Amino acid sequence: MILVFKHFFYKNYVGLSLWPFIFLKSDAFKEDTVLINHEKIHLRQQEELLILPFYILYISEWLLRSIWYLDSYRAYQNISFEREAYSNESQSDYLSQRKSFSFIKYLCG
């Protein structure tokens with residue numbers, strides 16, 4: 001389910017997945033198939049990790065990478081979950097071909 005909350009987002013962020021919802025900054029983003037696919041990849045990640053562990057791992061990885069890079073935005077860009085989503089967001093059929101726990105191969109590198 002896609003919901004729109006204009007005041008929910010920080011700076012340039014326009015979408016957020018909190019299982020089972022996708023939150024968008026404006027109605028216009030409902031037509032952005034790449035963004036929606038990106039967020040659906042996150043929903044799949046959350047589902048396969050039974051939701052709560054996803055959030056624990058996501059925040060933990062962001063904290064570790066923030067210390068490593070000394071840059072919170074660079075840390076965000078390098079979270080394995082984000083790397084998988086950004087790498088495959090343009091492939092409309094990605095989720096139908098995706099193997100479980102595919103984010104693991106994005107942990108290093």
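Two strands count as paired if DSSP finds at least two bridges between them. Keep that rule at hand, as the tour opens on a sheet. The model you have open is predicted, so local features need pLDDT of at least 70 and side-chain atom pairs count only at pLDDT 80 or more, whereas totals for chains, interfaces and linings use all residues. Residues are numbered from 1 along each chain as its sequence is written, and side-chain values use heavy atoms, with hydrogens and water left out.

**Stop 1: the sheet**

Select strand E3, residues 21-24, together with E2, residues 15-18. Four bridges join E2 to E3, and the two run antiparallel. Strands and helices here are DSSP runs, numbered from the N terminus: at least two residues of E for a strand, at least four of H or I for a helix. E2 and E3 make a hairpin, with two residues between them.

Which residue of E3 is the bridge partner of Ser 17? Pick Ile 22 and you have it. Leu 18 in turn is bridged to Phe 21.

Now add E1, residues 2-4. The open sheet has three strands in the order E1-E3-E2, and its pairing is mixed. E1 and E2 stand at the edges with a single partner strand each, so one side of each has no neighbour in the sheet. From one strand to the next the twist averages 25° (axes are lines fitted to C-alpha atoms, for helices over the stretch in contact, and angles run from 0 to 180 degrees between N-to-C directions).

**Stop 2: the two faces of E2**

In a regular strand the side chains alternate between the two faces of the sheet. Colour E2 by residue to follow its faces: Gly 15 and Ser 17 are on the covered one, Leu 16 and Leu 18 on the uncovered one.

Next, show Phe 5 and Phe 8 beside these two leucines. Phe 5, Phe 8, Leu 16 and Leu 18 make a nonpolar surface patch of about 320 Å². Patches are built from residues with over 30% relative accessible area and no salt bridge; nonpolar side chains (Val, Leu, Ile, Met, Phe, Trp, Tyr) are joined within 5 Å, like charges within 9 Å. The areas come from the Shrake-Rupley method with a 1.4 Å probe, and for residues only the protein chains shown count as cover.

Is Leu 16 buried, partly exposed or exposed? Its relative accessible area is 30%, which makes Leu 16 partly exposed (buried means under 20%, exposed over 50%, partly exposed in between, with a 1.4 Å probe and protein chains only).

**Stop 3: aromatic rings**

Switch on the aromatic side chains. How many aromatic pairs does a search of the whole structure find? There are 15. Rings of Phe, Tyr and Trp (its six-membered ring) pair if their centres lie within 6.5 Å; planes under 30 degrees apart are stacked, over 60 edge-to-face, and the rest tilted.

Start with Tyr 13 and Tyr 76, an edge-to-face pair at 5.4 Å centre to centre, with 85° between the planes. This pair links distant parts of the chain, 63 residues apart: Tyr 13 is in the loop between E1 and E2, and Tyr 76 is in helix H3 (residues 72-77). Tyr 13 is partly exposed at 29% relative accessibility, while Tyr 76 is buried at 11%.

Then move to Phe 21 and Phe 23, a tilted pair with 6.0 Å between centres and 50° between the planes. Phe 21 is partly exposed at 28%, and Phe 23 is buried at 10%.

To finish this stop, select Phe 54, Tyr 55, Tyr 58, Phe 81, Phe 101 and Phe 103 together: they form one aromatic cluster.

**Stop 4: salt bridges**

The structure holds four salt bridges, each a side-chain nitrogen of Lys or Arg within 4 Å of a carboxyl oxygen of Asp or Glu.

- Asp 27 and Lys 30 meet at 3.4 Å, N to O. Both are partly exposed, Asp 27 at 49% and Lys 30 at 38%.
- Arg 98 and Glu 48 meet at 2.8 Å. Arg 98 is in the segment after helix H5 (94-97) and Glu 48 in helix H1 (residues 33-48), 50 residues apart. Arg 98 is buried at 10%, and Glu 48 is buried at 17%.
- Arg 65 and Glu 61 meet at 2.9 Å. Both lie in helix H2 (residues 52-69), four residues apart, about one turn of the helix, and both are buried.

For a last selection, take Glu 48, Glu 84 and Arg 98: salt bridges that share partners join them into one network.
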